[in-house]
Amino acid sequence: MRQQIKVTQGTKDTLNKKAGDVFENVLEKVEEKTTRLKNKMKESDLAVKAKEKLGDLKTDSKKLFSRVTEKFPGKN
């Protein structure tokens, strides 16, 4: 059963404005959270790349240390 409720145009306008404001606030929050998540994802990608580079550096430094100790065996 559906009832028709008569509402003045001013009330309709007010309700529509409030609904629009709520929608805009929700949209802003979603955009903010999306931006934060994208930034975290970028930071995470950078962290992974940094770990890879550190691993490469560690491997290279071990190789260099081995080469130096081979050339100068008594200088440990």
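## A pair one turn apart

Arg36 and Glu32 sit four residues from each other in helix 1, about one turn of the helix. This is a predicted model, and in it Arg36 makes a salt bridge with Glu32, with 3.9 Å between the closest N and O atoms. That falls inside the cut-off, because a salt bridge needs a side-chain nitrogen of Lys or Arg within 4 Å of a carboxyl oxygen of Asp or Glu. Side chains of opposite charge can pair when their charged atoms come close.

How open to the surroundings are these two? Arg36 has a relative accessible area of 47%, so it counts as partly exposed. Glu32 is partly exposed too, at 40%.

## A second pair on the helix

By the same rule, the count of salt bridges is two. The other one to look at joins Lys17 and Asp21, whose closest N and O atoms are 3.2 Å apart. Once again the partners are both in helix 1, and four residues, about one turn of the helix, lie between their positions.

Is Lys17 buried or exposed? Lys17 counts as exposed, because its relative accessibility is 54% and the exposed class begins over 50%. Asp21, with a relative accessible area of 34%, is partly exposed.

## A nonpolar patch

Charged side chains aren't the whole story on the surface. Which residues form a nonpolar patch there? They are Val22, Val26 and Val30, and together they offer about 250 Å² of accessible area.

Take Val22 as one of the three. Its place is in helix 1, which runs over residues 9-71. Val22 has 53% relative accessibility, so it counts as exposed.

## One helix, stretched out

Now step back to the chain as a whole. It has one helix and zero strands. Its C-alpha atoms fill a box of roughly 100 × 25 × 10 Å along the principal axes. The radius of gyration is 32 Å, whereas a compact globule of 76 residues would come in near 11 Å.

You can get a feel for this with two positions. How far apart are the C-alpha atoms of Lys29 and Leu64? The answer is 52 Å, for residues that are 35 residues apart along the chain. Lys29 itself lies in helix 1, and at 51% relative accessibility Lys29 counts as exposed.

## Surface and charge

What share of the 76 residues is buried? The figure is 0%. Buried here would mean under 20% relative accessible area. The accessible surface of the chain adds up to about 7900 Å², and carbon and sulfur atoms account for 58% of that surface.

As for charge, the chain carries 20 positive and 12 negative side chains. The centres of those two sets are 4 Å apart. Among the charged residues met above, Lys17 pairs with Asp21 in a salt bridge, and Arg36 does so with Glu32.

Technical notes:
Residues numbered from 1 in each chain as written. Predicted model: local features only at pLDDT ≥ 70, side-chain atom pairs only at ≥ 80, totals over all residues. Heavy atoms only, no water. Patch = residues over 30% accessible without salt bridge, like charges linked within 9 Å, V, L, I, M, F, W, Y side chains within 5 Å. Areas by Shrake-Rupley, 256 points an atom, 1.4 Å probe, with all protein chains shown as cover. Helix = DSSP H or I, 4+ residues; strand = E, 2+ residues; numbered from the N terminus. Buried < 20%, exposed > 50% of the residue type's maximum accessible area, 1.4 Å probe, protein only. Rg over C-alpha atoms; globule rule 2.2 N^0.38 Å. Lys, Arg positive; Asp, Glu negative; His and termini not counted. Charge placed at Lys NZ, Arg CZ, Asp CG, Glu CD.
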